[in-house]
Structures are given as C-alpha cells and as structure tokens.
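Work through the exercises below with the sequence and the model side by side, and try each task before reading its solution.

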Amino acid sequence: GEISTEMTHLSGEVQQIEQLDSIKERIISLESKGRIISHAQLSSTTSQYPTEKGEFLRLDSVDSLQGALEFDPRRDPTKLISQGEGTLMLLVAPQIRRAPEYDGEACFTMWIMVNGSDLANSSIKECFHEGEPWRDTRVSILQAVLPMHEGEIVQIAMRSHPSGQIGAVAIKPDDVPLVPAAIVSVFRLGG
C-alpha cells in the first residue's frame, strides 16, 4: 500500500518534470527563431518553509540566463531586475509539501511583487486537509504578463499557514534529476 502510494507520487512528479522540460524546449525553440529576445530559467535547489508573515522565494540555480535580465544569486537570490523596456512573461512552478511529519491542515500562498508592491491578481493558493499524508506534493503554476521598465525589480513572495508548516520543497528521487523547490521561467516578449 505505502510503496504503491509512493510510486504513484513519484510518477506524478516525473510527469511534472517532463512538462516543465517541454516548456523549456519550446522557449529555446522560440528564442532560436528570434521571437524571444531575453530569458531566464532559475530554480531553487533547497526547501523553503515560509512564515505566516511571508518572505521571498530564494533562487540559487541559474539554469539559463540571456539578454536584458539581471539576476545574481550571490548578491540577492530573490530579485530579478529588468535591464530595459518591454513585456515579460513570468511562470513560477513551486513544488508544495507540508513540513516533515506534519499532517494537519495547511495552506501555501505565493504571489508576485514589482518594486516592493503586490501585483494585483497574481496569487495562487494551495491547501492540504488534515489527515492527508504529509509526503503528498502538488505543483501549482503562477503566471503573469508584466510590462517592465529599466531597473524595475520582480520578486516572488510566499507565506504559509500555519507558519513554517508548508512550503516549496526540493526532492531528490533516485535515478532522476532533482525536483526543484520552484522553477521560475521568465522571457521578454518583443524588442
């Protein structure tokens, strides 16, 4: 029973990775045709369980970065800075799970901030009910199209209820690549 449940969850996680890889391949294809001027593919390799007050998603892996976007996790792992005028397409995919051994009710919320202000209509919320296995994971997709100006800063905020009991979790299954706590894809549309 438990092994079958774990295999089902692992299968779901592998399918999610394949879907994200497919999105990345399509972005690269569009870029090669000159339709995407700049892009960033960033991820978090460590689990993050935010407080109820909230904190910013920390990204520590630069999988791909090209063009007029600035991101340096050594200086600030939370800020993506526009280096020109244009419109950005932002996709964020957090891998959500409750803290180890916690099986109570818990909700995770994530949203976009631009220049320190909340972006309207940009939130996602994922809740787990009491009694569901704590090892259950879910992936939600946060997306937005953002008109940006030179020097504007995009950050991804998150919070959990109860504090520290649910978050974005990195998982290392056997024989497959890391499942990042979150994958962030950003690309500039047009010139």
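The exercises deal with a disulfide, the strands that carry it, and a nonpolar core.

The model is predicted, so local features need pLDDT of at least 70 and side-chain atom pairs count only at pLDDT 80 or more, while totals for chains, interfaces and linings use all residues. Residues are numbered from 1 along each chain as its sequence is written, and side-chain values use heavy atoms, with hydrogens and water left out.

**Exercise 1.** Find the disulfide (a pair of cysteine sulfur atoms within 2.5 Å) and state which parts of the chain are tied together by this link.

*Solution.* A search of the whole structure gives one disulfide, in which Cys 107 is joined to Cys 127 with an S to S distance of 2.0 Å. Next, locate the two ends: Cys 107 belongs to strand β7 (residues 106-114) and Cys 127 to strand β9 (residues 124-128), so the pair ties together parts that are 20 residues apart in sequence. Strands here are DSSP runs (E, at least two residues), numbered from the N terminus.

**Exercise 2.** Decide which side chains of β9 are buried, that is, under 20% relative accessible area, with exposed over 50% and partly exposed in between (1.4 Å probe, protein chains only).

*Solution.* Ile 124, Glu 126 and Phe 128 point to one face and are buried, whereas Lys 125 and Cys 127 point to the other and are not. Cys 127 in particular counts as partly exposed, at 27% relative accessibility, while its disulfide partner, Cys 107, counts as buried at 12%.

Methods: A disulfide is a pair of cysteine sulfur atoms within 2.5 Å. Helices (H or I, at least four residues) and strands (E, at least two) are DSSP runs, numbered from the N terminus.
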